[in-house]
2 protein chains.
Amino acid sequence: MRTASPKAPSESSLDTHLANSGLRVTPQRQRVHEVLREKMDHPTADQVFLRAKNKMPEISMATVYNCLDALVQCGLVRQVTLDRGATRYCPNMQDHSHFYCDACGSVYDILQTISPEEADIKLPRGFRLKNIETNLHGLCPDCAAKAK
Amino acid sequence: MRTASPKAPSESSLDTHLANSGLRVTPQRQRVHEVLREKMDHPTADQVFLRAKNKMPEISMATVYNCLDALVQCGLVRQVTLDRGATRYCPNMQDHSHFYCDACGSVYDILQTISPEEADIKLPRGFRLKNIETNLHGLCPDCAAKAK
DNA sequence: ACCACTATTTAGAATAATTCTAAATCTTGA
DNA sequence: TCAAGATTTAGAATTATTCTAAATAGTGGT
């Protein structure tokens, strides 16, 4: 799993985002956000839990889920669901898409995306479109080579 | 068990698709495919299991997963993962995208999609793009009305 | 500073989703 | 018919996520 030249959101942005959603700044939320920014490899909740524990041994799994939900809610983190496995979390809020290797399951950030305007999606009456999630499926370089 | 009779086009497509992937045609796979075509409401494995049991009470959950995997593998069914909940299954292989209501979780087919050419995605060397999955997120008409 | 109020965290239990296992059954081809 | 291999099955096991109720911590008003 790889990440290309990421711009991680700053910590002060954490404070304002949480505040804007009426949520408090807590050490646990700071730590979870920090973990996500440290290594932007789309970790699962479980992986976040393990990494968070290094500096905060008392943190619990339930809290990790709570924190992730809070961060998603205030717009600092994206949930990434690409297959039947565990949900992954992405702190890169820049527009980008995810490439998922159907063979080995690895995930890559692709700094390109399709904007709602570009796509010009026509929805039936009443639907309110918030954003477009683009997932690219195929083979990563390694698996493409093996498939030959 | 079924007697020899003219096969519906969709059913023969099941046969050829399975055969092309080196998979056998079995009553369970036929039933699961039938269930998906009967009501294309993006059911979860659990829902498929319950529906399949109506006409085939002995079928097991493990078999439903096996069959769904076989159908996905041979290109007759798409997996749809939109949130942290259970994976959904879609037998519509026409190009289309899914609208997911972030408030109530309902899923709608949108007969519009972004082709790889249109999107003109530039991938790093070695990646092989197979298809683009487009998920539209927002509010369905009901939830949009309530949000006012 | 003190108090009450509410948000948040916590451990662990509970539930949900999926995968595994090993035996039974079915299919196919020699 | 037989052997090999594919598929199904029930149930156990595992993994992922949510729930619960009690403890803790942060906030605003006095």
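Okay, let me start with one pair of side chains: Asp120(B) and Lys122(B) are joined by a polar contact of 2.8 Å. By polar contact I mean a pair of N or O atoms within 3.5 Å; within protein, one has to be able to donate a hydrogen and the other to accept it, and residues adjacent in sequence count only if both atoms are side-chain atoms.

Before I go on, the ground rules. This is a predicted model, with local features needing pLDDT of at least 70 and side-chain atom pairs counted only at pLDDT 80 or more, while totals for chains, interfaces and linings use all residues. Side-chain values use heavy atoms, with hydrogens and water left out, residues are numbered from 1 along each chain as its sequence is written, and chains are lettered from A and ligands numbered from 1 in the order in which they are written.

Back to Asp120(B). You'll find Asp120(B) in the loop between α5 (116–119) and β5 (128–139) of chain B. Helices and strands here are DSSP runs, H or I over at least four residues for a helix and E over at least two for a strand, numbered from the N terminus. Is Asp120(B) buried or exposed? Neither, really: Asp120(B) counts as partly exposed because its relative accessibility is 42%, where buried is under 20% relative accessible area, exposed is over 50% and partly exposed is in between, using a 1.4 Å probe and protein chains only. Asp120(B) and Cys101(B) sit 19 residues apart along the chain, and their C-alpha atoms are separated by 28 Å.

Now over to chain A as a whole. It has six helices and five strands, and from the N terminus on the order is α-α-α-α-β-β-β-β-α-β-α. Along the principal axes, the C-alpha atoms fill a box of roughly 50 × 45 × 30 Å. Of the 148 residues in chain A, 46% count as buried. And if you take contacts in chain A (heavy atoms within 4.5 Å) between residues at least 6 apart in sequence, 51% of them join residues at least 24 apart.

Chain A splits into domain 1 (11–90) and domain 2 (97–146), with bounds that come from an automatic or database domain assignment. Eight residues from domain 1 of chain A and eight residues from domain 2 of chain A make up the contact. Taken over C-alpha atoms, the two domain centres are 22 Å apart. Together the domains of chain A bury about 740 Å², with 57% of that on carbon and sulfur atoms; buried area is the accessible area, 1.4 Å probe, that two parts lose on being put together, summed over both. Which residues of domain 1 lose the most area to domain 2 of chain A? Those are His42(A), Arg78(A) and Leu82(A), together 62% of what that side buries.

Next, the two chains against each other. Chain B and chain A bury about 3,400 Å² between them, 56% of it on carbon and sulfur atoms. On the chain B side, Arg84(B), Phe127(B) and Arg128(B) supply 21% of the area buried against chain A, more than any other three residues. The contact takes 39 residues from each of chain B and chain A.

Two residues of chain A show what this looks like locally. Ile110(A) is in strand β4 (residues 107–110) of chain A, and it counts as buried because its relative accessibility is 4%. Leaving out neighbours within four places in sequence, Ile110(A) touches residues of both chains, including Phe99(A), Leu136(A), Ile121(B) and Lys122(B). So that's Lys122(B) again, the partner of Asp120(B).

The other one is Thr87(A), in the loop between β1 (78–80) and β2 (88–90) of chain A. Thr87(A) is buried, at 9% relative accessible area. Beyond four places in sequence, its contacts include Pro43(A), Val80(A) and Arg84(B).

Arg84(B) takes us to the DNA. There are 17 residues around DNA strand D, and Tyr65(A), Thr26(B), Arg29(B), Thr63(B) and Arg84(B) come nearest; near means a heavy atom within 4 Å. Of the strand D atoms within 4 Å of the protein, sugar and phosphate account for 81%. What lies 3.0 Å from a phosphate oxygen of DNA strand D? That's a polar backbone atom of Arg24(B). Gln28(B) has a polar side-chain atom 3.1 Å from a sugar or linking oxygen of the strand. Finally, α4(B) gives the largest share of the surface near DNA strand D, three residues.
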